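Please consider the following model, which the paragraphs below examine part by part. The discussion begins with a strand, and then turns to a contact between chains and a pair of helices.

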Amino acid sequence: MSEQNVTLRVENVTKRFGDFAAVEDLSFDVKAGRVFGFLGPNGAGKTTTIRMIVGITAPDEGKIELFGKDFTGDLQNRIGYLPEERGLYKKMKIIDQLRYFAALKNVPQGEADKRIDFWLERMNLGEWKRKKTTDLSKGMQQKVQFISTVLHNPDLLILDEPFSGLDPINVEFLIDVISEFKTQDKTIIFSTHLMETAERLCSDILLINKSRKVVAGTLREVKQSYGKNLIALRADGGEKVLEDKTLIAKIVEHADEKELVLAENADAQILLKTLIENGASISKFEQIEPSLNDIFIERINETNA
Amino acid sequence: MRKFLAVVKHEYKKIVLKWTFLIGTLLFPFIAAMFAVVPAIIFSIKGEATRIVVLDRTNKIAPRLKANLSPERIAERAEKAAKESVKNLNASQEEKLKSGSEQLGESFIFADYDAGAKSIEQIRGELNGKITAAEIDAYLIVPPDFDNADAKFELFSRKAGDFIANDTLKDALNEAVRSQRLADANISEARLKELSRNVEFVARQVDEKGNEKDSDGLFFASLIIGMMIYITLAIYGNMIMGAVVEEKETRIAEILFSSAKPFELMMGKLVGVGLAGLTQLAIWIISALVLVGIGMAQLSASGVAVSIPNITPLMVIYFFIFFLLGFFIYASIFALIGSMVTSMQEGGQFAFPPVMILLIGFYFSFAVIRDPNSTLSFWISIAPFFAPITMPVRILAEMPPFWQILLAILINGAAITGLVWLASRVYRVGMLMYGKRATIPEVWKWIRQK
């Protein structure tokens, strides 16, 4: 598979519940070997979209193509889905649950047992194999859940908030595993509220709000298209210049520096020149890209308005 | 298909490989036996012989009472009562206790006491003294005018609560007085015996082909079968609901639905749990057949006449068929309820109607046992929801024509098809709806959703 292979194509998909459209006319492609960040506020339609991708529900309109084919039940065996609302059988041994989930993905039992041992060891859960869910801590259960998602060695991994409930060490560990999948040219769709993690992991971004697409593209493109009007400034003097509304729209004070949002049509070079002319002593002047968090908040507020 | 089988295996193992299954399988017959046997055992522990003084100034009742309570007579009565009780397996607990006490042969030792010309108060004083000194246990005062309608026989006893002894005494006393009255009416002792002999009563059933058979054993067997199906359906229906609610509550449904079709998942669950129920029933039935066979053989060998209910392999096959029909009817209803609600408690409220229907079916089986060929029995044994209990009962009581059995299978098969379809529609949507219990209009919408 090359970088350009499309793993998932969502085409003009709409899903309604009664009069309410949970997803409306949504289209996007997810390419192989990439980590695709699927972002959006609560109730934006993320879970509904994911449920359609994994075949839990069918779209009312539009179509979903997986691995270049129209969706069929068999394709479910190539998807690993870690839902946000997670669950394991409470009173069942870990090994039995994992065997069952593997069987439901058509993994032969011998093969499943090998992979279960491998993953339990890798996740430091080897000695918990014959324990029941209720004997495990929340974090351990989380890891068991993750194992159940990857046991059948899926080509498409859909992770909905995979890090919630994990301590920082396990977060790093999971990130390693995800990166490994990426290098095996598998596709990962990653849904989260944690913009920092998304920024760190994702190569592509899709932001939806109110059932519709808001921002889409590679992380680079998205950030660059928003990255021209923010300046980090550390300076003494020149306060007068900062009050000029034709140059600066907004100032965010940080501990030892200021974040300036340029006014419309204002130019960073002119601002720098004006500051120096007004006797400011500048120790830092940097044009910065907005964080994904900033873009997220800005675009959501815009579309909500 | 492979996934369906994986679900079946999973559900089956989940139930059968648990301790509770083993315990339940072993314990149920044990508990059932306890209910039947324990009271009899407890009351068969003989009390000590009662030392009694009979104060009878007329000297008419005392000799007869002594004769009635002689060890030979008591043994005779006990044996007769034992035979009765074997036939009377379906007697109520009270009747069982009574017959138990009759089997006991409670013994009495008659103490001598010379009343002389003492006044009644004097006598009572002296006898009370003897009771306190533990020389005797009781004394009975026979009123001189015992023939009077309101004459009172008074028993003063150290252990007035020993109702078994009291009962034996009362029966013997009644008999003594009755025979004295008859003797007073100039009826000879021999004639008296003849007159007071009990009749022999044997109920024999005549089936359609004109064959006679005893009805007692059958009654009991049909009742047990009806009860077994009723209990198993209720238990396994609840298990289905529990399993569905668990998968919904823990959100496992989301993972399951992303791996297999909801219909496969639900049917796999029904079939897996159904097979577990079948396993348990098979264990019960096979061991019951073996035990009953042994028990009956032993009773016959010891001279007690019992008829072995004539259970043919065909009956057993029908029995399993109707159990499965019942299972799929009620299991699909319970699965439907499980996917509507958010917790077992809520499920319990919704489960009330189907459990009621099940119970009514069980009660109808009494009507079927009493008259297996009545119009009511016919309709009740082919009706959906009821037939799984009432038809096997009817088959045991009196084999109905084959077309009626076939009709019952077809009607209930059709009911299952409809219910499974309905349940799978609700299951597919309901399992992913968290947070609140669904209302009936919502469920209706889910059913019609494409």
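Which residues point one way from β9(A), which point the other way, and are they buried or exposed? The model under discussion is a predicted one. In it, A:Asp204, A:Leu206 and A:Ile208 are directed to one side of β9(A), while A:Ile205, A:Leu207 and A:Asn209 are directed to the other, and all are buried. The strand, which spans residues 204-209 of chain A, is accordingly described as mostly covered, with six of its six residues buried.

The neighbours of β9(A) may be considered next. Strand β3 of chain A, residues 35-39, runs parallel to β9(A) and is joined to it by four bridges. Strand β10 of chain A, residues 212-218, pairs with β9(A) in the antiparallel sense, over six bridges. A:Leu206 of β9(A) can be followed into both pairings: A:Phe38 stands opposite A:Leu206, and in β10(A) the bridge partner of A:Leu206 is A:Ala216. β9(A) and β10(A) form a hairpin with two residues between the strands, where A:Lys210 adopts a positive phi near 50°.

The contact between the chains draws on 21 residues from chain A and 17 residues from chain B. On the chain B side, α1 (2-16) and α10 (252-257) each supply at least two residues. The most is given by α10(B), with five residues. By character, the residues of chain B that touch chain A comprise seven nonpolar, four polar and six charged.

Helix α1(B) also takes part in a contact within its own chain. Its axis and that of helix α11 of chain B, residues 262-301, come within 7 Å and cross at roughly 40°. Angles under 35 degrees count as roughly parallel and those from 65 to 115 as roughly perpendicular; α1(B) and α11(B) are therefore oblique to each other. Their crossing is right-handed.

The residues that make this helix contact include B:Phe4, B:Val7, B:Val8, B:Tyr12 and B:Ile15 of α1(B). From α11(B), the contributors include B:Leu265, B:Met267, B:Val271, B:Leu275 and B:Ala276. Charged residues are also present, among them B:Lys3 and B:Glu11 of α1(B) and B:Glu264 and B:Lys269 of α11(B). Taken as a whole, the contact of α1(B) with α11(B) consists of twelve nonpolar, four polar and five charged residues.

Methods:
Residues numbered from 1 in each chain as written. Chains lettered and ligands numbered in written order. Predicted model: local features only at pLDDT ≥ 70, side-chain atom pairs only at ≥ 80, totals over all residues. Contact = placed C-beta atoms within 7 Å. Axes fitted to C-alpha atoms, helices over the stretch in contact; angles between N-to-C directions. Parallel < 35°, antiparallel > 145°, perpendicular 65-115°, else oblique. Left-handed = near helix turned anticlockwise from the far one by under 90°. Buried ≥ 20, exposed ≤ 12 C-beta atoms within 10 Å, placed from the backbone. Pairing = 2+ DSSP bridges.
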